[in-house]
Amino acid sequence: MAGTIGASVLSYAGEWAAEANDCADSRKIWTIESNRMGIRKQRFCVFSQVRQTESTEGEVWRADARCLAGGKESEDVLFFRVKPSRLEMRVRISDNDPEELVRCPMRT
């Protein structure tokens with residue numbers, strides 16, 4: 001099943017970090033929303049299209065994005081593979097190595 005997603009609850013949205021201890025440091029957090037994300041205050045992306053597919057390993061999201069990092073703009077493809085628990089995710093940005101992330105607790 002594949003399709004373009006609107007404003008539904010997205011399992012990839014939230015604050016994520018490489019390790020749970022990193023959640024306390026805003027410089028290490030990935031903030032991901034339905035149509036944009038900020039990575040460790042170093043890279044910012046806006047999604048032009050997001051599609052979801054189901055797999056036996058969890059939900060997989062593909063986002064076409066325009067990103068800005070180090071003053072340079074790029075067109076990227078992002079893949080979010082969210083594990084069934086929705087507490088862990090693997091992210092790949094274009095041809096870069098994937099990064100394993102854990103969901104940070106919600107702040108009040």
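Two strands are taken to pair if DSSP finds at least two bridges between them, and by that criterion strand 5 and strand 6, which run antiparallel and are joined by 12 bridges, form a pair. The model discussed here is a predicted one, and the points below cover its two disulfides, the pairing of strands 4, 5 and 6, and the largest nonpolar core.

**Strand pairing and hairpins**

- Strand 5 and strand 6 are connected by a hairpin that passes through two residues, and across their antiparallel pairing Q52 has W61, in strand 6, as its bridge partner.
- Strand 4, which covers residues 36-39, is also antiparallel to strand 5, and four bridges join these two strands; within this pairing M37 stands opposite C45 of strand 5.
- The hairpin of strand 4 and strand 5 has three residues between the strands, and in this hairpin R40 adopts a positive phi near 45°.

**The disulfide of C45 and C67**

- The sulfur atoms of C45 and C67 lie 2.1 Å apart and form a disulfide, and the torsion about this S-S bond is about 110°, so the disulfide is right-handed.
- Because C45 belongs to strand 5 (residues 43-55) and C67 to strand 6 (residues 58-69), this disulfide ties together parts that are 22 residues apart in sequence; the strands concerned are the ones that 12 bridges join in antiparallel fashion.
- Both cysteines of this disulfide, C45 and C67, are buried.

**The disulfide of C23 and C104**

- The other disulfide joins C23 to C104, with an S to S distance of 2.1 Å, and its torsion about the S-S bond is about -85°, so that this disulfide is left-handed.
- C23 is placed in the loop between strand 2 (14-17) and strand 3 (30-32), whereas C104 is in the segment after strand 9 (99-103), so the pair ties together parts that are 81 residues apart in sequence.
- C23 has a relative accessibility of 13% and therefore counts as buried, and C104, with a relative accessible area of 6%, is buried as well; the cut-off behind both assignments is under 20% relative accessible area.
- With the bonded cysteines counted along the chain, the disulfides follow the pattern 1-4, 2-3.

**D22 in the loop between strand 2 and strand 3**

- D22 is located in the loop between strand 2 and strand 3, the loop that also holds C23.
- D22 counts as buried at 14% relative accessibility, and, when residues up to four places away in sequence are not counted, D22 touches A17, K28 and I29.

**The largest nonpolar core**

- The largest nonpolar core has 21 residues, and those with the most contacts inside it are Y12, W30, M37, F47, F80 and M89.
- Two or more residues of this core are given by each of strand 3, strand 4, strand 5, strand 6, strand 7 (72-82) and strand 8 (88-93), and the largest share, four residues, comes from strand 6.
- In soluble globular proteins, nonpolar side chains tend to be buried together.
- Leaving aside residues up to four places away in sequence, W30 touches G14, E15, W16, M37, G38, I39, R40, V91, I93, E99 and L101; one of these contacts, M37, is itself listed among the residues with the most contacts inside the core, and M37 is also the residue that stands opposite C45.
- Another contact of W30 is R40, the residue with a positive phi near 45° in the hairpin of strand 4 and strand 5.

How values were computed
Residues numbered from 1 in each chain as written. Predicted model: local features only at pLDDT ≥ 70, side-chain atom pairs only at ≥ 80, totals over all residues. Heavy atoms only, no water. Disulfide = S-S within 2.5 Å. Buried < 20%, exposed > 50% of the residue type's maximum accessible area, 1.4 Å probe, protein only. Core = buried A, V, L, I, M, F, W, Y, C linked by side-chain atoms within 4.5 Å. Contact = heavy atoms within 4.5 Å.
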